Amino acid sequence: MNLRFRSDPRGSRPKLAAAGLLVGAAAMLGACGSSGSGGSAGQSGDGAKPLKVVLTDQGCGSVDLHANAGDISFEVTNKAKTTGEFEVISPGPHLVAEREGIPAGDTVTLKARVTKGVHQLVCTTPAKDRGKLTVTGEGGGLDPKVTAALQPATTSYKAYAVQEVDALLAGTQQFVAAVKAGNRDQAKALYATTRVHYERLEPIAELFPDLDAAIDARADDFGQKEQDPKWTGWHRLEYGLWDNQPMPSLSGQADKLLSDTTALVAKIKTLTIDPSVVAKGAAGLIEEAAQTKVTGEEERYSHTDVATLVANVDGAEKIIDLLTPALGDVKDGPALLQQLKEDFASLTAVTDRMKDAADPSGYQPYDKVSDNDRASLKAGLSDLSEELATVPGLLGLAVS
């Protein structure tokens, strides 16, 4: 595993960046097929070619891919009108591969290590049409030694997840009660402080794409935008509260949010968490924050984006804390840990400047944050995203 250094554009200390992250993997060792979108099926057996997936405004269509177990790659082209995403979720569920923020018109490649079974392909948004990947043959699993080394972190992360979802459910109950009581001010005050528990756990929530879509989708994910009757969840209620819609009209949305959250909490509490979900989770949290949340589009009605971003950073930092013993025992791990420590501290210094005790979220509204602070936040998240992307490779896990 080699790490290269790049110069920091802000003139500070050198940074660690990802290079050659798939430990021990030669070029596409696992034989895999390729396919376009629509109903065509990929043919297994050509290990030199990646599996092709096309994102559209409808998702993956009915794409049906086939591959042999092992290390494969995907070539994902985004033909949708907006920025897209791509996930491979295996039975369990386990997040096998993920790429956030694929610009419209772009093609990206990513790698995954897959085992026997039928895997779900989630494209563009969880609410859209999905495809499937059928994997046959043996192999593709995690090295038992790697699994054993990461078990303490995995066990501790499950306990952390349970703690967070308990807080999420309790906060959601209070939020929903405020909405149904017609108390707009109280509901607004509870909005950001409750959502932070969800934002810390997005790597886990995304394992359940139907519930994740119902709870956390944005208006952009729907054809009629804010007017689409299929739009539900936190951001639908955020829109209603800050758009001064009549409180009784939000009651049904509040009930659905509580029902979906209750279902998600039950699933997370019974979930067996895969070590790779933990190792990849920190990078996933910060990658999305760096690409789409720092723009202000996440909390566009309430402008509580800083609280959301801080929650993403908190979740990522917790994962690194839990992985510190394992990373400390591998080549280049101690150097990366020191770099990450500095980067988390730098980001905290930036967000601390945005604190505002008078705001219910605890931070300045994002539309009031200075351009300089936004630029510092964006740069810090981008750097941190690159460095966290090296973590799975250092630990001997396949990475996307």
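## Strand β6 and its partners

β6 and β9 pair in the antiparallel sense over 4 bridges. Within this pairing, E87 has V122 of β9 as its bridge partner. The model is a predicted one.

On to the other partner of β6. Strand β6 covers residues 84-90 and is joined to β7 by 6 bridges, again antiparallel. Two of the bridge partners in β7 can be named. V88 is matched with A97, and I89 is matched with L95. The hairpin of β6 and β7 has 3 residues between the strands. There, G92 takes a positive phi near 150 degrees.

Is β6 mostly covered or mostly open? It is mostly covered: 7 of its 7 residues are buried. Both faces take part. G84, F86, V88 and S90 are buried on one side. E85, E87 and I89 are buried on the other.

## The five-stranded sheet

β6 belongs to an open sheet of 5 strands. The order is β4-β10-β9-β6-β7, and the pairing is mixed. Which strands form the edges? They are β4 and β7 (94-102), each of which pairs on one side only. From one strand to the next, the twist averages 20 degrees.

Now to the β10 side of the sheet. Strand β9 (residues 117-123) is joined to β10 by 6 bridges, and the two run antiparallel. L121 stands opposite G131 of β10. Strand β4 (residues 64-68) pairs with strand β10 (residues 130-136) in the parallel sense, over 5 bridges. D64 has K132 in β10 as its bridge partner.

## The three-stranded sheet

Another open sheet has 3 strands, in the order β3-β5-β8. Its pairing is mixed. The edge strands are β3 (51-55) and β8 (107-114), and each pairs on one side only. Neighbouring strands here are turned by 30 degrees against each other on average, direction ignored.

Strand β5 (residues 70-78) is joined to β8 by 8 bridges. These two strands run antiparallel. G70 stands opposite V114 in β8.

## Helix α9

Helix α9 spans residues 333-352, 20 residues in total. From its first C-alpha to its last, α9 reaches 28 Å. That is close to the 28 Å expected at 1.5 Å a residue.

Which residues of α9 are buried? They are G333, L336, L337, Q339, L340, D343, F344, L347, V350 and T351. These residues lie on the same side of α9, because they cover an arc of only 165 degrees around the axis. A general rule is useful here. An α-helix has 3.6 residues a turn, so residues three or four places apart point the same way.

## The nonpolar cores

The largest nonpolar core has 82 residues. Those with the most contacts inside this core are Y157, F175, L323, L377, L381, L388 and L395. Take L395 as an example. Which residues does L395 contact, leaving aside its neighbours within four places in sequence? They are V146, L150, A279, L323, A326 and L327. L323 thus appears twice: it is in contact with L395, and is one of the residues with the most contacts inside the core.

Another core lies apart from this one. It has 24 residues, among them V53, V88, V96 and C123. V88 is also one of the buried residues of β6. In soluble globular proteins, nonpolar side chains tend to be buried together.

Conventions:
Residues numbered from 1 in each chain as written. Predicted model: local features only at pLDDT ≥ 70, side-chain atom pairs only at ≥ 80, totals over all residues. Heavy atoms only, no water. Expected span 1.5 Å × (residues − 1). Buried < 20%, exposed > 50% of the residue type's maximum accessible area, 1.4 Å probe, protein only. Arc of directions from axis to C-beta. Core = buried A, V, L, I, M, F, W, Y, C linked by side-chain atoms within 4.5 Å. Contact = heavy atoms within 4.5 Å. Pairing = 2+ DSSP bridges. Axes fitted to C-alpha atoms, helices over the stretch in contact; angles between N-to-C directions.
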